[in-house]
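Work through the exercises below with the sequence and the model side by side, and try each task before reading its solution.

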Amino acid sequence: MLKIEHLTAGYGDKKVLEDINLTIEDGCVTALIGPNGSGKTTLIRAVSGVLPVMQGAITVDDRQVNTLTEQERARLISVVPQVRNIPPAFSVREVVALGRTPYLNWLGQFSTQDDQIVENALEQTDLMELAERLMADLSGGEQQRVLLARALAQDTRVMLLDEPTSHLDLQFQVNLMERVHRLAHPMEGIERDGHAVLAAVHDLNLLRMFSDRVVLLVKGRIEAEGTADEVLREEILSKAYRIPLHVIRDSETGKSAILPRL
């Protein structure tokens, strides 16, 4: 379980987030939404330990994240970043294997268990056929799957995703987020607990397909939190995004779409 209590964070003396309180249970995908500049990436960076916090506490299973070493933190929290800075000469398998770095001995040797975990991560993300391909030869969607596999190989309780579907075609967006949903909700017969997932997303329509909870950030504060139906409401979203929005609901399926009100 990831717990954020009274978190204030920012850059230098500038506060970007203020008094954030949020709990993400195991087996739950929480979508983090909000207009540009609302603090979504800052929250991801603060939780991952990249950005020091000004006030408050972040805990994973009652362990204070800011008191852990980088290696200890990497065993609890994995990140699928927004920006891909991966050497193009690395193979897919080599990149996914980087997820095992926090567990290697001082000689940097891989165990049989490490190798098996990497294989499992490749299989779960349908990357086995691409395992020996170089990153430079992959499409954007394929590269994003590799980063997801690397995070999966890291074998953490908490997974953070910062705009994971940016610049991806619709089919790759849906494919990627379906995989993320399965990480939090493993199929019957799979002997592992579901991940606690926090994903910053832009697409308000896509998040309905995979999120259990939705958190709306506006100007560094949580403006709304709840299920998709509770948060994705015209009056809430129009105020947050400062544009009239219309929620169209299908009476038969219960599904809805969010569109600008022209």
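The exercises that follow concern a predicted model, and each task comes with a worked solution.

**Exercise 1. The open sheet**

Task: Find the order of the strands in the open sheet of four strands, and say which strands lie at its edges.

Solution: Begin with the pairing, which is antiparallel, and read the order of the four strands as 2-1-4-5. Next, look for strands that pair on one side only, and you arrive at strand 2, residues 14-24, and strand 5, residues 63-64, as the edge strands. Then take the pair formed by strand 1, residues 2-11, and strand 2, which run antiparallel and are joined by seven bridges. To place one of these residues, follow Leu2 across to strand 2, where its bridge partner is Ile24.

**Exercise 2. Two residues with positive phi**

Task: Locate His6 and Asp61, each with a positive phi although neither is glycine, and decide whether they are buried, partly exposed or exposed.

Solution: Start with His6, which belongs to strand 1 and has a phi near 50°. Buried means under 20% relative accessible area and exposed means over 50%, so His6, at 49%, is partly exposed. Turn then to Asp61, which sits in the loop between strand 4, residues 53-60, and strand 5, and whose phi is about 50°. The relative accessibility of Asp61 is 32%, and therefore this residue also counts as partly exposed.

**Exercise 3. A hairpin**

Task: Describe how strand 9 and strand 10 are connected, and find the bridge partner of Leu217.

Solution: First set out the two strands, strand 9 at residues 213-218 and strand 10 at residues 221-226, and note that they run antiparallel with five bridges between them. The two strands form a hairpin with two residues between them, and in the turn Lys219 has a positive phi of about 50°. Finally, trace Leu217 to its bridge partner in strand 10, which is Ile222.

**Exercise 4. Helix 1 and the largest pocket**

Task: Establish how far helix 1 is covered, and then describe the largest pocket and its lining.

Solution: Count the buried residues of helix 1, and you find seven of its nine, so that the helix is mostly covered. The buried residues are Lys40, Thr42, Leu43, Ile44, Ala46, Val47 and Ser48. After the helix comes Gly49, which has a positive phi near 95°.

Now move to the largest pocket, whose volume is about 640 Å³. Its lining has 23 residues, and those nearest its centre are Ser48, Val50, Ile77, Val79 and Gln154. Two or more lining residues come from each of helix 1 (40-48), helix 2 (70-74) and strand 6 (77-80). Sorted by class, the lining holds nine nonpolar, nine polar and five charged residues.

**Exercise 5. The nonpolar cores**

Task: Identify the residues that touch the most other members of the largest nonpolar core, and follow the contacts of Leu207.

Solution: Among the 52 residues of this core, those with the most fellow members in touch are Ile33, Val92, Val96, Val146, Met159 and Leu207. Helix 5, residues 140-153, gives the core its largest share, which is seven residues. For Leu207, set aside the neighbours within four places in sequence, and the contacts that remain are with Ala31, Ile33, Val201, Val214 and Leu232. As a last step, locate the second, separate core, which has 28 residues, including Leu17, Cys28, Ile44 and Ile58.

Notes. Residues numbered from 1 in each chain as written. Predicted model: local features only at pLDDT ≥ 70, side-chain atom pairs only at ≥ 80, totals over all residues. Heavy atoms only, no water. Pairing = 2+ DSSP bridges. 1 Å grid on protein atoms, 1.4 Å probe; cavity = no way out; pocket = protein on both sides within 12 Å on 5 of 7 lines; lining within 4 Å. Points joined across faces, edges and corners; volume = space filled by probe spheres on them. Nonpolar A, V, L, I, M, F, W, Y, C, P; charged D, E, K, R; others polar. Core = buried A, V, L, I, M, F, W, Y, C linked by side-chain atoms within 4.5 Å. Buried < 20%, exposed > 50% of the residue type's maximum accessible area, 1.4 Å probe, protein only. Contact = heavy atoms within 4.5 Å.
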